[in-house]
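Visitor: Could you take me on a close look at one part of this protein, the core and how it sits across the chain? I work at the bench, so plain language and residue names suit me well.

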Amino acid sequence: DLCNAGPQCVYAGFDPTANSLHLGNLLVIINLLHWQRGGHHAIALLGGATGRIGDPSGRSKDRDEQQVDVIKQNTNSLFKNLSRIFENHQQYFMKGKSLNPIRILDNLVWYENQNAVDFISNIGRHFRMGTMLSRTSVESRLQSEVGMSYTEFSYQVFQAFDWLHLLKNYNCRFQVGGSDQMGNIVSGYELITKLMGKDVYGLTLPLIKSEAGDKFGKTAGNAVWLDANMTSPFDFYQYFIRIPDAQVEQLLKLLTFMKLGEITDLMNRHNARPEERRAQKHLAEQVTLLVHGEEGLVE
C-alpha cells in the first residue's frame, strides 16, 4: 500500500573493498533499477567510511586493513561503475521514458566530522549486546578459530546509522541487499524504530552463485568484474554464453527486464534446439548491454 500511495525512496549500499563492483553486486543494482522503473527514488550508497571498517557478513576472517587513499580511489571507481550502468539503462532500455535520477552518495560525508564519543553516546546506547551477538555473521565468527575484531563487530551499528541518516534526510524507508545482509538490515530497522517510531522495510535478494554453489566476489576468488579494465566486455559476454542450461532460466529472471512470458517462450525455443544456446546468447547480450553499453556489446 505504501508503494502504491506515491513515490518512495530506497537504498542499497556498496563498500569500496575493490576498485570495481562484480557480478555478485549486479542483482542489487538491477533491483534499484526496478524501483526506478516504478517511479520511485533510488540511492546507491558508497561506503567511503564503512569500507574502512569491513562488513563481516559471509567472511571467515577479518578483512585486510585498506589505506585511506586506496579506499578513496576505489570509491571513485565504484561511482563510475554505477553511473555507467544507470546511464546505459536509461539510454538502451527505457526508449525515451524519463526516470527519477539515481543518487550516488558516500557515507564518508556524514562520518568524517563525527565525534566518536558523541556517536557512542547518542547511537551506541540503543544497541543491546545480546542482540548484536546473535547476528549470524557474528555468531559464526565467534565460533571460529580467528574470532572477530571489535572493528568488524561494530559494522552493524554503522550500517544502521546510515539508514537512519538517509531516512532523516531523504525519507528513505526501504533498504535492499543480498540475503547475507539480513542482520545488518534488521539492526537498522531496530534503531529507527527506537529513535523515530517510523515504519521502515528491508528487502533481501538471493545471492548469485556459481554452478558449484559458491557466491561470486573478490573473497571467493571467482569475481566477474563490472569494470572493463578488470574483466573485458568480451570475457564478460563469454561468461554468460558458458552458463549451464540448468542456470540460464533463473538468471534470465534475475538479470534481465524480460517478462515471465517472454522468458518462457525463449526457453521453449531454447529447449527445442539447445545446441544453439539461444537463451545464453540473449542473456549475454542483455547483461553486457546494461553493463558495458553498445560499444562493449560490439566488442
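Guide: Happily; here is a walk through the core, followed by the pocket and two loop residues. Keep in mind that this is a predicted model.

Let us start with the layout. The domain assignment splits the protein chain into domain 1 (2-205) and domain 2 (232-297). The centres of domain 1 and domain 2, taken over C-alpha atoms, lie 29 Å apart. The two parts do touch: 13 residues of domain 1 are in contact with 14 residues of domain 2.

Now to the core itself. The largest nonpolar core is made of 51 residues, and Phe14, Leu26, Phe240 and Leu255 have the most contacts inside it. Helix α2 (residues 23-37) is the biggest giver here, with 9 residues. Both domains take part, as domain 1 (2-205) and domain 2 (232-297) each provide at least three residues of this core. In general, nonpolar side chains tend to be buried together in soluble globular proteins.

Phe240 is a good place to zoom in. If you set aside its neighbours within four places in sequence, Phe240 is in contact with Leu23, Leu255, Gln280, Leu283, Ala284 and Val287. Of these, Leu255 is itself among the core residues with the most contacts. There is also a second, separate core, this one of 30 residues, and Ile53, Tyr155, Cys172 and Ile185 are included in it.

From packed side chains, we can turn to open space. The second largest pocket has a volume of about 440 Å³. It is lined by 21 residues, of which Phe119, Ile120, Tyr150, Ser154 and Phe158 are the closest to its centre. Sorted by class, that lining holds 14 nonpolar, 4 polar and 3 charged residues. Several helices supply at least two lining residues each: α4 (108-111), α5 (116-122), α6 (129-133), α8 (150-153) and α9 (155-170). The largest share, 3 residues, is from α5.

Finally, two backbone details to look for in the loops. Lys95 has a positive phi of about 50°, although it is not a glycine. You will find Lys95 in the loop between α3 (68-93) and β3 (103-106), and Lys95 counts as exposed because its relative accessibility is 81%. Arg277, also not a glycine, has a positive phi of about 55°. Arg277 sits in the loop between α13 (260-272) and α14 (278-298). With a relative accessible area of 27%, Arg277 is partly exposed.

Conventions:
Residues numbered from 1 in each chain as written. Predicted model: local features only at pLDDT ≥ 70, side-chain atom pairs only at ≥ 80, totals over all residues. Heavy atoms only, no water. 1 Å grid on protein atoms, 1.4 Å probe; cavity = no way out; pocket = protein on both sides within 12 Å on 5 of 7 lines; lining within 4 Å. Points joined across faces, edges and corners; volume = space filled by probe spheres on them. Helix = DSSP H or I, 4+ residues; strand = E, 2+ residues; numbered from the N terminus. Nonpolar A, V, L, I, M, F, W, Y, C, P; charged D, E, K, R; others polar. Core = buried A, V, L, I, M, F, W, Y, C linked by side-chain atoms within 4.5 Å. Buried < 20%, exposed > 50% of the residue type's maximum accessible area, 1.4 Å probe, protein only. Domains from an automatic or database assignment. Contact = heavy atoms within 4.5 Å.
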